[in-house]
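Got the viewer open? Here's a short walk through one chain, stop by stop, with what to select at each.

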Amino acid sequence: MHDIRALREKPELYEQAWAAKGLSGQVSKILELDAKLRAAQTAGQIAQAERNDASKQIGQAKGRKDEAEAARLMAVVEGLKGVLAEQAEAERAASEALHDILASLPNLPAPDVPVGADEHDNVEVRRWGEPFAIANPRDHVDLGEMSGLLDFEAAVRMSGARFSVLKGDLARLERALGQFMLDLQTREHGYLEVSPPLLVNDAAAYGTDKLPKFADDLFQTTDGRWLIPTAEVPLTSLVMDQIVPEEDLPLRFTALTPCFRSEAGASGRDTRGMIRQHQFYKVELVSIVAPELSETEHERMVGCAEAVLKRLDLPFRTMLLCTGDMGFGARKTYDLEVWLPSQGKYREISSCSNCGDFQARRMDARAKKAGEKGTRFVHTLNGSGLAVGRTLVAIMENYQDENGRIAIPQALHAYMPGVSHIGGQA
């Protein structure tokens with residue numbers, strides 16, 4: 001959500017920012033609706049003042065026993081009742097239209113975000129590790145199916161496309177990965193582990209900018225609640241409608257949850273394997289901070305996500321997304337892309353975003369300094385630390401040998417004691 005007062009003061013800033021995202025001409029629409037709203041409010045206030053004055057004069061006329069004047073004033077009051085109703089409706093309609101357009105427009109990019117149309121204009125910030133030299137690498141689908149540990153056919157029979165069944169040591173490896181990520185983020189990086197609901201209401205989905213724009217990407221239950229597309233939604237909503245003491249900031253939350261996405265806009269993309277599924281596990285990182293600390297917190301969060309890949313010795317690169325490739329609620333986003341030998345390229349495994357006060361305005365999340373009366377909106381940040389399924393894919397492909405066996409990364413040995421390899425020919 002956007003601050004209409006800031007937009008009035010610096011309309012050119014908003015026009016330029018939205019134009020960089022291909023949304024020119026929005027500011028004039030907003031200012032026109034804002035003018036209509038304020039005009040309706042002013043007209044309503046004038047009519048109400050006139051009505052109050054006329055009502056007062058009715059009593060005075062009756063006190064003088066001037067029934068004719070009292071009758072005239074009563075007619076004026078009755079007429080103003082209709083004017084008030086008309087202006088109230090005009091105010092409601094303008095307010096609703098203004099709210100809808102402000103809610104539909106994305107966050108403003110930070111000044112250092114590169115201007116670009118799509119992923120081809122993203123900027124590489126750094127690389128870590130050298131891609132593994134693997135002759136004729138198999139993809140994770142072949143590796144999993146040849147060992148009997150990955151069953152897509154069974155998943156299709158019971159659930160349809162974009163689901164998978166993991167068995168035996170592969171299921172154990174997935175579980176180990178999630179526990180390793182949680183332990184790293186809680187024990188070393190100071191995040192508080194949370195076990196949140198997997199179903200949320202409209203307010204939580206709206207506050208984290210998933211509604212109304214992305215309703216088609218979500219799964220909805222018969223009672224109107226939403227399956228979470230990421231734990232960002234319930235974790236950030238912990239401060240929804242709250243005033244947090246500033247001395248308690250920053251708040252850092254993490255959770256390992258299933259995530260559910262309809263992938264409505266992904267037709268034809270990544271239909272093979274586990275890269276893009278309707279259901280997957282992910283460790284989410286969320287920070288709630290004071291506004292002046294959000295940029296520093298953003299860099300810290302990216303480092304926390306990178307640490308997972310470094311511990312697993314998986315080659316990756318860190319990308320700064322351009323204006324045209326950023327998410328709806330993001331002010332600035334870094335993507336981590338892990339090397340996949342079968343594809344011969346880096347693929348996204350984490351996205352870490354600073355949302356500024358965009359989500360906080362939508363969910364009315366504020367902070368208050370001790371001894372001060374005023375409050376201010378917090379800044380919210382979220383990131384994957386990491387997507388478990390995609391990390392599993394990366395391990396399978398980067399740690400394979402010529403026989404299709406998959407070595408267990410050193411960092412996971414404590415979570416799979418006695419197991420050095422899994423898979424191979426079934």
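**Stop one: a loop leucine**

Select Leu-108 and show its surroundings: leaving aside residues up to four places away in sequence, Leu-108 touches His-2, Tyr-14, Ala-17, Trp-18 and Arg-331, where contact means heavy atoms within 4.5 Å. Before going on, remember that this is a predicted model, in which local features need pLDDT of at least 70 and side-chain atom pairs count only at pLDDT 80 or more, while totals for chains, interfaces and linings use all residues. Residues are numbered from 1 along each chain as its sequence is written, and side-chain values use heavy atoms, with hydrogens and water left out.

Leu-108 sits in the loop between helix H4 (67-104) and strand E1 (123-128); helices (H or I, at least four residues) and strands (E, at least two) are DSSP runs, numbered from the N terminus. Is Leu-108 buried or exposed? Its relative accessibility is 12%, so Leu-108 counts as buried (under 20% relative accessible area; exposed is over 50%, partly exposed in between, with a 1.4 Å probe and protein chains only). Now draw a distance to Pro-250, 142 residues apart from Leu-108 along the chain: the C-alpha atoms are separated by 23 Å.

**Stop two: H10**

Next, select residues 294-311, which are helix H10. Its 18 residues reach 26 Å from first C-alpha to last, close to the 26 Å expected at 1.5 Å a residue (1.5 Å times one less than the number of residues). Color the buried positions, among them Met-301, Val-302, Cys-304, Ala-305 and Val-308. Just after H10 comes Asp-313, with a positive phi near 55°.

**Stop three: H7 against H10**

Add helix H7 (residues 168-188): the axes of H7 and H10 come within 11 Å and cross at roughly 130°. Axes here are lines fitted to C-alpha atoms, for helices over the stretch in contact, and angles run from 0 to 180 degrees between N-to-C directions. That angle makes H7 oblique to H10 (under 35 degrees is roughly parallel, over 145 roughly antiparallel, 65 to 115 roughly perpendicular, the rest oblique). Show sticks for Phe-180, Met-181, Leu-184, Gln-185 and Glu-188 of H7, which meet Cys-304, Ala-305, Ala-307, Val-308 and Arg-311 of H10.

**Stop four: H7 against H12**

Finally, bring in helix H12 (residues 388-398), whose axis comes within 10 Å of that of H7, crossing at roughly 120°. On the H7 side, pick Leu-170, Leu-173, Glu-174, Leu-177, Gly-178 and Met-181; on H12, Val-388, Thr-391, Leu-392, Ile-395 and Met-396.
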